[in-house]
Amino acid sequence: MVVLSTGEDAIERLTSFARDRQLHASHFTAIGAFSGAIVGYFDWEKKDYRKIPITEQVEVLSLVGDVTAGDKGPKVHAHVVLGKSDGTACGGHLLSGNVRPTLEIVLTETPAYLRRRFDPESGLALIDPTA
Ligand code: ZN
């Protein structure tokens, strides 16, 4: 269990936690709230993430992700569904999330070793199950 508090960035803290613990293959879920976030939508034509800023207090309704081994250390990949004050939801690939007041993360490490490899078709580093 990793509990983050106000002002911490979810992706930065998860990445530093994964590096400190030398995680190679893990998955996590989390709930809590952000004062703001940046989510990404992968633009297939441009082969890049379109950044979507969320500039209000939102509930983290569901955050799911994994940790894999990368060339520069552990790589955190997370997707999020956020709830706005009017009850509508938005979300995407989580690029940053500014925690306020808490983010409760349950992380499970597995004995597997998962490595990402560059995929030329998408331009992304995808999990290579044969690695
Ligand atoms: Zn993603």
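# Close-up views of a predicted protein chain

**View 1. The whole chain, from one end to the other.** The secondary structure of this protein chain comes to one helix and eight strands. The model you are looking at is predicted. If you trace the sequence from its start, you meet the elements in the pattern β-α-β-β-β-β-β-β-β. Along its principal axes, the C-alpha trace spans about 45 × 35 × 20 Å. How does the radius of gyration of the protein chain fit with that of a compact globule? A compact globule with 131 residues would have a radius of gyration near 14 Å, and the protein chain has 15 Å, so the two agree.

**View 2. Surface and charges.** Here the topic is the outside of the chain. The accessible surface comes to about 7,600 Å², and carbon and sulfur atoms account for 54% of this surface. Of the 131 residues in the chain, 40% are buried. The chain carries 14 positive and 17 negative charges, and the mean positions of these two groups are 4 Å apart.

**View 3. The largest nonpolar core.** This view turns to the inside. The largest nonpolar core has 27 residues, and those touching the most other members are Phe-28, Phe-34, Leu-63, Leu-82, Leu-94, Leu-103 and Ile-105. Which elements each supply at least two residues of this core? They are strand E1 (2-5), helix H1 (10-20), strand E2 (25-43), strand E4 (58-70), strand E5 (73-83) and strand E6 (89-109).

**View 4. Leu-103 and its contacts.** Now pick out one of the core residues just named, Leu-103. Setting aside neighbours within four places in sequence, Leu-103 is in contact with Val-2, Val-3, Leu-4, Ala-10, Ala-30, Ile-31, Gly-32, Phe-34, Val-60 and Leu-63. For the chain as a whole, take the contacts between residues at least 6 apart in sequence: 66% of them join residues at least 24 apart.

**View 5. Lys-47, in a loop.** Find Lys-47 in the loop between E2 and strand E3 (48-54). Is Lys-47 buried, partly exposed or exposed? Its relative accessible area is 31%, so Lys-47 is partly exposed. Not counting residues up to four places away in sequence, Lys-47 touches Phe-42, Glu-121 and Ser-122. Lys-47 and Ser-122 are 75 residues apart in sequence, while their C-alpha atoms are 6.2 Å apart in space. The backbone is worth a look too: Lys-47 is not a glycine, although its phi is positive, at about 55°.

**View 6. Gln-22, in another loop.** The loop between H1 and E2 holds Gln-22. Phi of Gln-22 is near 50°, a positive value in a residue other than glycine. With a relative accessible area of 59%, Gln-22 counts as exposed, because the exposed class begins over 50%.

**View 7. A cis peptide bond at Pro-101.** Look for Pro-101 in strand E6. What is the form of the peptide bond from Arg-100 to Pro-101? That bond is cis, and its omega is near 0°.

**View 8. Gly-70 and Arg-115.** Gly-70 is part of strand E4. Why does Gly-70 count as buried? The relative accessibility of Gly-70 is 19%, and buried means under 20%. In sequence, Gly-70 and Arg-115 are 45 residues apart, and in space they are 6.1 Å apart, C-alpha to C-alpha.

Methods:
Residues numbered from 1 in each chain as written. Predicted model: local features only at pLDDT ≥ 70, side-chain atom pairs only at ≥ 80, totals over all residues. Heavy atoms only, no water. Helix = DSSP H or I, 4+ residues; strand = E, 2+ residues; numbered from the N terminus. Rg over C-alpha atoms; globule rule 2.2 N^0.38 Å. Buried < 20%, exposed > 50% of the residue type's maximum accessible area, 1.4 Å probe, protein only. Contact = heavy atoms within 4.5 Å. Areas by Shrake-Rupley, 256 points an atom, 1.4 Å probe, with all protein chains shown as cover. Lys, Arg positive; Asp, Glu negative; His and termini not counted. Charge placed at Lys NZ, Arg CZ, Asp CG, Glu CD. Core = buried A, V, L, I, M, F, W, Y, C linked by side-chain atoms within 4.5 Å.
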